[in-house]
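User: Hello! I am new to this structure and would like to know how its descriptions are reached. Could you take me through the reasoning?

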Amino acid sequence: MTIRIACIGGGPGGLFFSTLMKRYLPDSEVVLFERNQASDAFGFGVVFSDATLRKITEADPVLERVLAERGRHWDTIQVWLKGERHHFNGNGMSAIHRKNLLSALQENAAEADVEMRFGTFVPSLEGLDDFDLIVAADGANSGTRGQVGEEVLGHEVVQASAKFIWFGTTHMFDGLTFVHRQNEHGNFAAHAYPISDELSTFIVEADAQTWLDAGLDEFDVTQPPGVSDLKSKEYIERLFADDLQGDSVVVNNSRWGNFRTRSTDRWFNGNVAFLGDALHTAHFSVGSGTKMAMEDAITLANSVAEHTHDLHTALSQYESARKPDVARVQDAARPSLSWWEHFARYHNTLDPLQFTFHFFSRSISIDKIRNRDPDFVSTVENAWLNKHGNVPLSTPLRVAGSQVEQRFLIARNNSLYSGESRIELGGCDLAVLEAPSDEFDLDSSFSQLPDAGTVLVKGGTALTRRLLSEEARLGRGLTSIIQEPVDENSALTAVLSGRADAVASEES
Ligand SMILES: Cc1cc2nc3c(=O)[nH]c(=O)nc-3n(C[C@H](O)[C@H](O)[C@H](O)COP(=O)(O)OP(=O)(O)OC[C@H]3O[C@@H](n4cnc5c(N)ncnc54)[C@H](O)[C@@H]3O)c2cc1C
């Protein structure tokens with residue numbers, strides 16, 4: 001059957017969808033509208049982890065090919081701070097300049113006979129009445145989403161408080177590198193990785209107060225798109241001069257922004273289906289936005305090809321197949337985004353090695369880190385042993401006035417046990433705090449923290465318990481125990497990373 005499909009947006013999601021659709025249904029008409037010219041590309045590079053490429057490559061080897069030909073590949077993530085450099089091996093990843101990715105996807109679409117209309121802005125759905133299916137791949141600020149109605153779609157946006165700006169640099173980093181710097185205004189961090197033989201991506205983050213204190217809010221945001229914040233470029237170049245070894249920072253529509261996490265309940269309305277950033281975003285520290293957009297494209301094209309006669313079924317099938325995968329990525333991105341909201345605290349309270357372990361364990365526990373890089377974990381464990389004279393979970397600790405001999409405790413019937421010995425809590429300086437279920441409600445929990453002693457943090461979510469424990473321990477100098485259903489690996493991760501002094505596993 002011949003159907004007419006319009007795709008609004010020629011980013012990675014729209015280009016990949018249109019190509020696959022035309023291949024699966026060669027008799028269909030697929031027209032892609034992109035407001036920019038084919039050669040325009042804002043931003044610098046995108047990262048893909050090796051583990052995430054399989055599904056995309058099975059659908060079309062274009063990404064794997066262009067990464068091999070024009071991208072950069074590495075296995076090691078580095079963290080640089082306070083004059084130390086720590087390495088975490090076993091993390092296969094590739095990156096490519098967005099411009100090169102788009103041009104490969106455009107060539108692929110041209111070969112598949114997609115009709116691409118560059119320099120064509122679609123102002124409204126009204127002009128697309130002739131099409132059977134309209135796919136809105138028009139990015140995070142999707143105008144189509146606004147026309148269909150964000151309430152109709154159940155679209156939600158949560159804005160992070162940290163500020164970020166997307167630069168490039170002529171300095172060639174050796175794989176993904178996180179560079180931390182502190183000055184009189186506060187803490188800054190860069191996410192840097194090579195994307196070609198001449199350029200690395202250099203995304204810089206800072207908390208809002210640091211950004212204000214540094215006077216980086218002075219850029220006139222009414223400047224037209226494309227104009228970069230040059231004052232910030234110079235500031236960042238000075239701040240990271242030693243790390244960049246005299247190489248320059250490169251701008252491309254570079255302005256400060258706040259990351260917005262987007263999620264959407266209903267992925268289509270009538271014959272208008274959405275994909276990619278128009279529906280969902282995940283913090284860039286997990287490098288998954290492009291991958292998710294391309295995976296949406298695969299499932300949507302497959303579902304439409306399978307149910308060409310019944311688009312409602314096709315779109316329902318697409319939505320129910322993709323939503324759980326996207327939710328998993330967004331769930332993993334949440335603690336990562338939170339880490340980046342608090343990195344100044346970790347920088348100021350943890351030594352560089354523990355800081356690095358804390359960072360790498362923000363979404364995964366020690367067993368997974370050990371599988372990838374046993375030497376790194378041994379280094380972290382040996383550093384603890386040298387400092388404390390004992391392995392982490394058997395390091396004695398004072399809890400509510402008494403000495404306990406281990407840090408993996410049991411919580412049973414509102415009491416704490418170290419092995420079979422009950423820890424006497426009555427009358428001692430132990431405050432039990434319920435973490436909230438939403439991290440935006442943490443301030444009221446913080447106000448209940450005592451001035452001294454031990455806190456037992458329970459309830460809430462894994463993330464709110466962790467943030468409350470960190471406020472107690474790293475922010476107020478209290479002894480903190482997290483009570484949750486944990487195994488030994490999670491307990492070890494929490495103690496070794498400095499998130500808690502001890503962990504109490506719940507037992508009914
Ligand atoms: C700082 C930062 C770093 C990132 N790093 C990574 C990373 O390392 N790895 C990764 O996988 N992802 C990364 N991402 C996310 C990634 O950029 C996006 O998830 C991805 O580009 C989404 O693809 P898309 O096709 O859905 O939308 P987009 O790439 O945004 O494409 C949308 C297209 O639609 C066009 N358009 C919009 N409206 C119209 C209209 N009305 N008419 C015609 N054309 C229109 C736009 O011009 C644009 O070309 C990062 C994001 C940010 C902010």
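Analyst: Happy to! Let us begin with a definition: two helices count as roughly parallel when the angle between them is under 35 degrees. Please keep in mind that this is a predicted model.

User: What makes helix 1 and helix 4 roughly parallel?

Analyst: Helix 1 and helix 4, the latter covering residues 98-111, pack at an angle of about 20°. That angle is under 35 degrees, so helix 1 and helix 4 are called roughly parallel to each other. Their axes lie 9 Å apart, and the crossing of helix 1 with helix 4 is left-handed.

User: Which residues of helix 1 and helix 4 meet?

Analyst: From helix 1 come Pro12, Leu15, Phe16, Ser18 and Thr19, and from helix 4 come Leu101, Leu105, Gln106, Asn108 and Ala109. By class, this contact has six nonpolar residues, four polar and no charged.

User: How do you know that helix 1 and helix 10 are also roughly parallel to each other?

Analyst: The same cut-off of 35 degrees applies. Helix 1 and helix 10 cross at roughly 25°, which is under 35 degrees, and they are therefore roughly parallel to each other. Their axes come within 8 Å. Helix 1 passes helix 10 in a right-handed crossing.

User: What classes of residue make up the contact of helix 1 with helix 10?

Analyst: Among the residues that meet there are Phe16, Phe17 and Leu20 in helix 1, and Ala297, Leu300 and Val304 in helix 10. The contact divides into 14 nonpolar, two polar and one charged residues.

User: Which residues are closest to the ligand, and how many surround it?

Analyst: The ligand is surrounded by 31 residues, and the closest are Gly9, Gly11, Gly139, Gly276 and Gly289. A residue belongs to this shell if its C-beta atom, placed from the backbone, lies within 6 Å of the ligand. Helix 10 (289-306) gives the most to the shell, with four residues. Helix 1 (12-24), strand 2 (29-34), strand 3 (45-49) and strand 10 (155-169) each supply at least two. The shell divides into 13 nonpolar, 13 polar and five charged residues.

User: Why are strand 8 and strand 16 said to stand at the edges?

Analyst: They belong to an open sheet of six strands, in the order 8-2-1-9-17-16, with mixed pairing. Strand 8 (115-118) and strand 16 (268-269) each have a single partner strand, so one side of each is left without a neighbour in the sheet.

User: How do you know that strand 16 pairs with strand 17?

Analyst: Pairing requires at least two bridges. Strand 16 and strand 17 (residues 272-274) are joined by two bridges, so the requirement is met. These two strands run antiparallel, and Phe268 stands opposite Ala273 in strand 17.

User: What makes strand 10 a partner of strand 13, strand 14 and strand 15?

Analyst: Again, at least two bridges are needed. Seven bridges join strand 10 to strand 15 (residues 257-264), and seven join strand 10 to strand 13 (residues 200-206). Strand 14 (residues 249-250) has two bridges with strand 10, so strand 14 also counts as a partner. In each of these pairs the strands are antiparallel. Examples include Glu156 opposite Ser263 in strand 15, Thr169 with Ser200 in strand 13, and Gly168 opposite Val250 in strand 14.

User: What is the strand order in the sheet of seven strands?

Analyst: That open sheet runs 22-21-20-26-25-24-23, and its pairing is mixed. Strand 22 (421-423) and strand 23 (430-435) are its edge strands, each pairing on one side only. From one strand to the next, the twist averages 30°.

User: Why is the pairing there called mixed?

Analyst: Take strand 20 (residues 408-412) as an illustration: strand 20 pairs with strand 26 (residues 502-507) in the parallel sense, over five bridges. With strand 21 (residues 415-418), strand 20 runs antiparallel, over three bridges. Ala411 takes part in both pairings, standing opposite Glu506 in strand 26 and having Leu416 as its bridge partner in strand 21. The hairpin of strand 20 and strand 21 has two residues between the strands, and Asn413 there takes a positive phi near 50°.

Definitions and conventions:
Residues are numbered from 1 along each chain as its sequence is written. This is a predicted model: local features need pLDDT of at least 70, side-chain atom pairs count only at pLDDT 80 or more; totals for chains, interfaces and linings use all residues. Ala, Val, Leu, Ile, Met, Phe, Trp, Tyr, Cys and Pro count as nonpolar, Asp, Glu, Lys and Arg as charged, and the others, Gly among them, as polar. Axes are lines fitted to C-alpha atoms, for helices over the stretch in contact, and angles run from 0 to 180 degrees between N-to-C directions. Angles under 35 degrees count as roughly parallel, over 145 as roughly antiparallel, 65 to 115 as roughly perpendicular and the rest as oblique. A crossing is left-handed if the near helix is turned anticlockwise from the far one by less than a right angle, and right-handed if clockwise. Two residues are in contact if their C-beta atoms, placed from the backbone, lie within 7 Å.
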